[in-house]
Amino acid sequence: MNRLVLAALLALTAALPAQAQIRLDIGINLPAPPPLVVVPGTPVYYAPGAPANVFFYGHQYWVFNNGGWFVGPSWGGPWAVVAPAFVPVPILRVPLGYYRVPPGHWKGWAREAPPRWEAQWGRDWREEPHERDWREREERWDRGRHEGHDKGKGRR
């Protein structure tokens, strides 16, 4: 009898979904995917109707909230904290006017210019041309456009 109960418990626990993924609550709850609009002259989209600073770039959602950056694979997360040095430069260059909820200390700054990240993070956030070239090659590779790197492979 004990073996039968043990077998039933093992079968039940194996059938339950694993909850190993950690969710970070960033204080923003979007009930549905927010409508996105392109930020003119950039590869970045923003969510003008969202209750926070929500951006979309590189197949990921980016949120600037409470002075920090978060990234997630979808509009509902799960969210991960991102150090300023790892936020993509196109997002950091989005003009202030596209931030739905700008921090109070940004008042008086030009809405047509990006936020003054140097004051907060120093100059280390800027991406050097060789870093940008490497990142862009890596992004093309991830999207399956290997641009000649896999010529002849898999063909017979």
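In this predicted model, Y45 is partly exposed, because its relative accessible area of 36% falls between the cut-offs of 20% and 50%. The residue belongs to strand β2, which covers residues 45–46. Y45 also contributes to a nonpolar surface patch. The other members of the patch are L36 and V38, and its area is about 220 Å².

The structure holds 13 aromatic pairs. One of them joins Y45 and F56. Their ring centres lie 6.5 Å apart, and the angle between the planes is 65°. The pair is therefore edge-to-face, since planes over 60 degrees apart count as such. Y45 sits in strand β2 and F56 in strand β3, eleven residues apart, so the contact links distant parts of the chain. F56 is partly exposed too, with a relative accessibility of 21%. This value lies just outside the buried class, because buried means under 20%.

A second edge-to-face pair is formed by F64 and Y99. Here the centres are 6.1 Å apart and the planes stand at 90°. F64 lies in strand β4. Y99 lies in the loop between α2 (89–92) and α3 (117–121). The two parts are 35 residues apart in sequence, so the pair ties them together. Both rings belong to buried residues: F64 has a relative accessibility of 2%, and Y99 has 4%. F64 and Y99 are also members of one aromatic cluster. The cluster further includes F55, W69, W106, W109 and W117.

Strand β4 leads to its neighbour β5. The two strands run antiparallel and are joined by five bridges. Within this pairing, F64 has W69 in β5 as its bridge partner. F64 and W69 thus meet twice in this account: as bridge partners and as members of the aromatic cluster. β4 and β5 form a hairpin, with two residues between them.

How many residues of β5 are buried? The count is five of five, so the strand is mostly covered, given that buried means under 20% relative accessible area. In a regular strand, side chains alternate between the two faces of the sheet. In β5, G68, F70 and G72 are on one side. W69 and V71 are on the other. All of these residues are buried, and both faces of the strand are covered. β5 also pairs with β6, again in the antiparallel sense, over three bridges. In this pairing V71 stands opposite A80 of β6.

Some backbone features also stand out. Most residues other than glycine have a negative phi, and most peptide bonds are trans. Which phi value does N66 take? It is near 50°, a positive value in a residue other than glycine. N66 is placed in the loop between β4 and β5, in the turn of the hairpin. N66 counts as exposed, because its relative accessibility of 76% is over 50%.

H59 also has a positive phi, near 65°. Its place is in the loop between β3 (53–57) and β4 (60–65). H59 is exposed as well, with a relative accessible area of 55%.

The last feature concerns a peptide bond. G77 and P78 are joined by a cis peptide bond, with omega at about 0°. P78 is found in the loop between β5 (68–72) and β6 (80–82).

Conventions: Residues numbered from 1 in each chain as written. Predicted model: local features only at pLDDT ≥ 70, side-chain atom pairs only at ≥ 80, totals over all residues. Heavy atoms only, no water. Patch = residues over 30% accessible without salt bridge, like charges linked within 9 Å, V, L, I, M, F, W, Y side chains within 5 Å. Areas by Shrake-Rupley, 256 points an atom, 1.4 Å probe, with all protein chains shown as cover. Salt bridge = Lys/Arg side-chain N within 4 Å of Asp/Glu carboxyl O. Helix = DSSP H or I, 4+ residues; strand = E, 2+ residues; numbered from the N terminus. Buried < 20%, exposed > 50% of the residue type's maximum accessible area, 1.4 Å probe, protein only. Phe/Tyr/Trp six-rings, centres within 6.5 Å; stacked < 30°, edge-to-face > 60°. Pairing = 2+ DSSP bridges.
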